[in-house]
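Grab a pencil and work through these exercises with the model open beside you. Try each task yourself before you read its solution.

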Amino acid sequence: MKKADLVVAIEPLPLNFKVLQVNVELNSGVGGGDVILINKAVAKERKETRICVPVENYIGTARATLATVPKGRYLSYTVSADTLDNLLDGLGVERVDLLKIDIEGYVLESISGMMETLKKTRWLFIELSGRDISVIRILKNLNFSLRARHGYNFLFKNESI
């Protein structure tokens, strides 16, 4: 936020979105460019969908899911979802220097809605686990090369840019 010309943060969960808003307000005026907050989920198409969050792990959750209903007690929210391509095109974003994707095991289902964004992305930091690992093949076909990995976190560079 301090060094970027533009930061676009997308967060579907209501409470986490409010915390994000407060964080941005607390850090405004510290330099940097514009910050745009979007209260939606990223998906393969524009739609209303349900997101489930385990009750015991709500804030900062690493187990929220659009894909499956979790075991145990959970909160369920209806959220608006859209493709990353639609969201960034609507903002007039022409290039992305760094894209961080952490969408809790929903990458494979949503990757088709971010193909144009990926083509104009220089660096990609993405969380991949389970079935989402197969996304690596798609990224390689888009000319991304793996530069680093730590656990489920992968750093790719687009060699076309």
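**Exercise 1. Find out whether R131 is buried or exposed, and what its side chain pairs with.**

Step 1. Start with the surface. R131 has a relative accessible area of 55%. Buried means under 20%, exposed means over 50%, and partly exposed is in between, using a 1.4 Å probe and protein chains only. So R131 counts as exposed.

Step 2. A word on what you're looking at. This is a predicted model, where local features need pLDDT of at least 70 and side-chain atom pairs count only at pLDDT 80 or more, while totals for chains, interfaces and linings use all residues. Residues are numbered from 1 along each chain as its sequence is written, and side-chain values use heavy atoms, with hydrogens and water left out.

Step 3. Place the residue. R131 sits in the loop between strand 7 and helix 5. Helices (H or I, at least four residues) and strands (E, at least two) are DSSP runs, numbered from the N terminus.

Step 4. List its contacts, meaning heavy atoms within 4.5 Å. Skip the neighbours within four places in sequence, and R131 touches L108 and E109.

Step 5. Look for a charged partner. R131 and E109 form a salt bridge, with their closest N and O atoms 2.1 Å apart. A salt bridge needs a side-chain nitrogen of Lys or Arg within 4 Å of a carboxyl oxygen of Asp or Glu. The pair links distant parts of the chain, as E109 belongs to helix 3 (residues 107-110) and lies 22 residues from R131. From C-alpha to C-alpha, the two are 9.8 Å apart in space. E109 has 22% relative accessibility, so it counts as partly exposed.

**Exercise 2. Work out which side chain of opposite charge is nearest to D132, and what else D132 touches.**

Step 1. D132 is also a loop residue, found between strand 7 (121-127) and helix 5 (135-141).

Step 2. Check the charges: Lys and Arg count as positive and Asp and Glu as negative, while His and the chain ends are not counted. D132 is buried yet has no salt bridge, and the nearest side chain of opposite charge, R131, is 5.7 Å away.

Step 3. Now look for other company. A polar atom of the D132 side chain lies 3.5 Å from the backbone nitrogen of Y106.

Step 4. Leave aside the neighbours within four places in sequence, and D132 is in contact with G105, Y106, V107, L108 and E109.

**Exercise 3. Take two more of the six salt bridges and say what each one joins.**

Step 1. Try K120 and D89, whose side chains meet at 3.5 Å, N to O. K120 lies in the loop between helix 4 (115-119) and strand 7 and D89 in helix 2, so this pair ties together parts that are 31 residues apart in sequence.

Step 2. Compare their surfaces. K120 is buried at 18% relative accessibility, whereas D89 is partly exposed at 47%.

Step 3. Next, E116 and K119: their closest N and O atoms are 3.1 Å apart. They are three residues apart in helix 4, so about one helical turn separates them. E116 is partly exposed at 44%, and K119 is partly exposed at 46%.

**Exercise 4. Identify which residues touch the most other members of the largest nonpolar core.**

Step 1. Get the term straight: a nonpolar core is a set of buried Ala, Val, Leu, Ile, Met, Phe, Trp, Tyr and Cys residues joined through side-chain atoms within 4.5 Å.

Step 2. The largest one has 32 residues, and those touching the most other members are I101, V107, M114, L118, L124, I126 and F156.

Step 3. Ask where the members come from. Elements that each supply at least two of them include strand 5 (74-82), helix 2 (84-90), strand 6 (96-101) and strand 9 (153-158).

Step 4. Zoom in on I101. Beyond its neighbours within four places in sequence, I101 contacts V107, M114, L124, F125, I126 and E127.

**Exercise 5. Say what is notable about phi of N143.**

Step 1. Phi of N143 is near 75°, a positive value in a residue other than glycine. Most residues other than glycine have a negative phi.

Step 2. N143 lies in the loop between helix 5 and strand 8 (144-150). With a relative accessible area of 36%, N143 is partly exposed.

Definitions and conventions. Polar contact = N/O pair within 3.5 Å; in protein donor to acceptor, adjacent residues only side chain to side chain.
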